[in-house]
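Biologist: Please show me the model. I want the terms tested against their cut-offs.

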Amino acid sequence: MLSSIVLFAGLVNLVSSAAVNDIRPLVIWHGMGDTYASPGMDSFQSEIKEMHPGIFIHSIFIDEDPNADQRATFYGNVNQQIIQVAQQLADIPELSRGFDAIGFSQGGQFLRGYVERNNSPPVHNLITFGSQHMGVSELPACNPWDLLCQVARRAATRGMYSEWAQENLVQAQYFRDPHQLSQYMTLGSFLPDINNEVLLPSSRNSSYADNLASLNKLVLVLFLQDKTVIPKESAWFGSEQPLEDITMDQLSGSGQTPMLSPPNAKDIIPMRLQTLYKEDWIGLRQLDECGGIEFVACQGAHMQIGDCWKDLVAKWVGGSLSVN
């Protein structure tokens, strides 16, 4: 009788262990000014572990020193950072079968860059919070006490598309000036590439579309009162209408000369009207037509996440590795 009880207990433990090991892991990439091991990140991970007991979570870092990791959110080469992160993820055995991913703010488009360029191990569901998928047309504001941010912002403002800025200032590498799109496409070092927004169609990387379309779900979260990300609709692949498009629209059939100051130069082009979507340069349209994109709006300012994350993480994180 005793031996039967011991055997039964052993089987229960074995089944329980197998169930835990079958949970899809989670990878998180933090945002600007944060670190991989900040109190906020630690607290967020603890809440997810309570929601999904046994889940393995990895918080991406550029440097294990938190101060250096924070600095890397302002200064550094994003392309090199993604190469480093790809190797970091490939070296973690728990991630070898794939994982879900959450990107906070700029961490969202960086994770998308990983999916498009690497995706080995593969991402299953990608959730991005307030990310700048179509860039920013104004640099994020800095807190008055954040000297590191202020110095980086001033440096970027002086020469956004200079070679130095595109190699060393993180925010400059996803700056998308709607009035200088040719400069953006020619000189931009990161965002034009992962968006396949290039002057020569032959230069587009078709593997980016294949990789992004392989996602099970892309969850795009926008903060309704976001005044940090300009335009906030960038979180949903929206962008400001280029000035030249507005003036030409006004001229069409009117016989008038272009207006120097259009009445509304910040009309937003939504995702499904973007050329990169209509011509499917990065796989967005294919993913969308398969029901693979979710648009979510959260109340609050940028990254004032509240409880908005809970239903999303409950639904799109912590699934079984056995289910594709």
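The sheet and its helices are discussed below.

Modeller: This is a predicted model; local features need pLDDT of at least 70, side-chain atom pairs count only at pLDDT 80 or more, and totals for chains, interfaces and linings use all residues. Residues are numbered from 1 along each chain as its sequence is written, and side-chain values use heavy atoms, with hydrogens and water left out.

Biologist: What is the strand order of the open sheet?

Modeller: The order is β2-β1-β3-β4-β5-β8, 6 strands with parallel pairing. Strands are DSSP runs of E, at least two residues; helices are runs of H or I, at least four; both are numbered from the N terminus.

Biologist: Why do β2 (57-59) and β8 (293-298) stand at the edges?

Modeller: Each has a single partner strand, so one side of each is left without a neighbour in the sheet.

Biologist: How do you know that β4 and β5 pair?

Modeller: Pairing takes at least two bridges found by DSSP. Strand β4 (residues 123-129) and strand β5 (residues 217-223) have 5 bridges and run parallel. Therefore they count as paired. Ile127 stands opposite Val219 in β5, and Thr128 opposite Leu220.

Biologist: What joins β3 to β4 along the chain?

Modeller: β3 and β4 pair in the parallel sense over 5 bridges, with Ile102 opposite Ile127 in β4. The chain crosses through helix α5 (residues 106-117), and the β-α-β crossover is right-handed. That means clockwise from the first strand over the helix to the second, with the strands pointing away from the viewer.

Biologist: What makes β4 mostly covered?

Modeller: Buried means under 20% relative accessible area (exposed is over 50%, partly exposed in between; 1.4 Å probe, protein chains only). In β4, 7 of its 7 residues are buried.
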